[in-house]
Amino acid sequence: MLKNSPTRMCIACRGRFEKKSLTRLQQKEEHIVPFQGVGRSFYLCRDCINDTKKIKGLTKRFRQNEEHFVKFLKEQIENG
Ligand SMILES: [Zn+2]
C-alpha cells in the first residue's frame, strides 16, 4: 500500500477505506454533526451506517437519541 494512500479508519468496524467513501462526522457538545472543519472528527463507512447493530452501539457510545441519530446518518448518505 502507498504511504500516502488517502484511507481512513471507520470507528465502528475499524476497517480502512478510501476517504471519499466515508462519512466524516464530529461531536459537538452532545450532538453528532457533519464535520465542520475544526476539532476532532471521525469516520463511518456506509456499511456501518446501514448496519442497525453497529448504529445501536454508536448511539450508546455517543449517547444519542437513537431515532434522531439513525435519521441523521441516513441523511448524510443521501446528501453525500
Ligand atoms: Zn465501518
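In what order do the strands of the open sheet of 3 strands stand? Keep that in mind as you open the viewer, and remember that what you have on screen is a predicted model.

**Stop 1: the sheet**

Start by selecting the three strands. Their order is β4-β3-β5, and the pairing is antiparallel. Now look at the outer two. β4 (31-34) and β5 (41-45) are the edge strands, and each has a single partner, so one side of each has no neighbour in the sheet. Tilt the view a little and you can look for the twist: on average, neighbouring strands here are turned by 40° against each other, direction ignored.

As background, strands of a sheet pair through backbone hydrogen bonds, in either a parallel or an antiparallel way.

**Stop 2: β3 and β5**

Next, pick strand β3, residues 22-28, together with β5. These two run antiparallel and are joined over 5 bridges. Want some pairs to click on? Try L22, whose bridge partner in β5 is C45. Then move to R24, which stands opposite Y43 in β5.

**Stop 3: β3 and β4**

Stay on β3 and add β4. This pairing is antiparallel too, over 4 bridges. Click K28 and you'll find H31 of β4 opposite. The two strands make a hairpin, with 2 residues between them.

Select E29 in that turn. E29 has a positive phi of about 50°, although it is not a glycine. Is E29 buried or exposed? E29 counts as exposed, because it has 5 C-beta neighbours inside 10 Å, and the cut-off for "exposed" is 12 or fewer.

**Stop 4: the nonpolar core**

Time to go inside. Which residues make up the largest nonpolar core? Select these 12: C10, A12, L22, L25, I32, Y43, L44, C45, C48, I55, L58 and L73. Colour them by element of structure and you'll see that β3, β5 and α2 (52-61) each supply at least two of them. β5 gives the most, with 3 residues. You have met some of these already: L22 and C45, for instance, are the bridge partners from the second stop.

In soluble globular proteins, nonpolar side chains tend to be buried together.

**Stop 5: the loop after α2**

Follow the chain out of α2 into the loop that leads to α3, and select R63 there. Its phi is near 50°, a positive value in a residue other than glycine. R63 is exposed, with 10 other C-beta atoms within 10 Å.

**Stop 6: helix α3**

Last, select α3, residues 66-79. The helix has 14 residues and reaches 20 Å from its first C-alpha to its last, close to the 20 Å expected at 1.5 Å a residue. How many of its 14 residues are buried? The count is 1, so α3 is hardly covered, a residue being called buried if 20 or more other C-beta atoms lie within 10 Å of its own.

Zoom in on E66, which belongs to this helix. E66 is partly exposed, with 13 other C-beta atoms within 10 Å. To finish, draw a distance from the C-alpha of E66 to that of I55: the two residues are 11 apart along the chain, and the separation is 8.3 Å. I55 should look familiar, since it is one of the core residues you selected at the fourth stop.

How values were computed: Residues are numbered from 1 along each chain as its sequence is written. This is a predicted model: local features need pLDDT of at least 70, side-chain atom pairs count only at pLDDT 80 or more; totals for chains, interfaces and linings use all residues. Two strands pair if DSSP finds at least two bridges between them. Axes are lines fitted to C-alpha atoms, for helices over the stretch in contact, and angles run from 0 to 180 degrees between N-to-C directions. A nonpolar core is a set of buried Ala, Val, Leu, Ile, Met, Phe, Trp, Tyr and Cys residues joined through C-beta atoms within 7 Å. The expected span of a helix is 1.5 Å times one less than its number of residues.
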